[in-house]
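Here's a quick briefing to read with the model open in your viewer. Take a look at the fold first, then work through the notes below.

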Amino acid sequence: MSCELLTVPEAMAILKVSRWTLYNLIRSEQITSIVIGERCRRIPVSALDTYVARLCEEVA
């Protein structure tokens, strides 16, 4: 298994969005995330790649 996981602040920095925007993307299922334990949310790098690719396709 070689799935790199990002914290919420790391994903925010990569996308250059606010915490509110990132959580809205997660809630609307545009970006997938996992919860480890009770409160430890992680975002797979592949989820960000998929989201950005989808946005690029919409523009083209």
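In what sense do β2 and strand β3 pair, and over how many bridges? They pair in the antiparallel sense, over three bridges, with β3 covering residues 40-44. Keep in mind that this is a predicted model. The notes start with the sheet, move on to the helices, and finish with the core and two residues to click on.

**The sheet**

- The three strands make an open sheet in the order β1-β3-β2, and the pairing is antiparallel.
- On the edges sit β1 (5-6) and β2 (34-36), each of which pairs on one side only.
- As general background, strands of a sheet pair through backbone hydrogen bonds, either parallel or antiparallel.
- Between β1 and β3, which run antiparallel, there are two bridges.
- If you want a bridge to look at there, Leu-5 has Pro-44 in β3 as its partner.
- Over on the β2 side, Ile-34 stands opposite Arg-42 in β3.
- β2 and β3 form a hairpin, with three residues between them.
- Check Gly-37 in that turn: its phi is positive, at about 75°.

**Helix α1**

- Which residues of α1 are buried? They are Val-8, Ala-11, Met-12 and Leu-15.
- Those residues cover an arc of only 105° around the axis, so they end up on the same side of α1.
- Ala-13 and Ile-14 are on the other side of α1, and they're exposed.
- The buried residues of α1 pack against β1, α2, β3 and α3.
- Right after α1 comes Lys-16, another spot with a positive phi, this one near 60°.

**Helix α3**

- α3 takes in residues 45-59 and lies across β1 and β3, running at about 55° to β3.
- Its 15 residues reach 22 Å from the first C-alpha to the last, which is close to the 21 Å expected at 1.5 Å a residue.
- Ala-47, Leu-48 and Tyr-51 are buried in α3.
- Look down the axis of α3 and its buried residues fall within an arc of 100°, so they line one face of the helix.
- Flip to the other side of α3 and you'll find Asp-49 and Glu-57 exposed.
- So what covers the buried residues of α3? The cover includes β1, α1 (8-15), α2 (19-27) and β3.

**The nonpolar core**

- The largest nonpolar core has 13 residues.
- Ala-11, Leu-22, Ile-31, Ile-43 and Leu-48 are the ones with the most contacts inside it.
- α1, α2 and α3 each supply at least two residues of this core.
- α1 gives the most to this core, with four residues.
- In soluble globular proteins, nonpolar side chains tend to be buried together.

**Two residues to click on**

- Val-8 is found in helix α1.
- Is Val-8 buried or exposed? At 5% relative accessibility, Val-8 counts as buried, because the cut-off for buried is under 20%.
- Setting aside residues up to four places away in sequence, Val-8 touches Arg-19, Leu-22, Tyr-23, Arg-41 and Ile-43.
- The C-alpha atoms of Val-8 and Arg-42 are separated by 6.6 Å, although the two residues are 34 residues apart along the chain.
- Leu-48 is found in helix α3.
- At 4% relative accessibility, Leu-48 counts as buried.
- Which residues does Leu-48 touch, not counting residues up to four places away in sequence? They are Leu-6, Ala-11, Ile-14, Leu-15, Ile-31 and Ile-43.
- Leu-48 and Ala-60 are twelve residues apart along the chain, and their C-alpha atoms are separated by 19 Å.

Terms used
Residues numbered from 1 in each chain as written. Predicted model: local features only at pLDDT ≥ 70, side-chain atom pairs only at ≥ 80, totals over all residues. Heavy atoms only, no water. Pairing = 2+ DSSP bridges. Contact = heavy atoms within 4.5 Å. Axes fitted to C-alpha atoms, helices over the stretch in contact; angles between N-to-C directions. Expected span 1.5 Å × (residues − 1). Buried < 20%, exposed > 50% of the residue type's maximum accessible area, 1.4 Å probe, protein only. Arc of directions from axis to C-beta. Core = buried A, V, L, I, M, F, W, Y, C linked by side-chain atoms within 4.5 Å.
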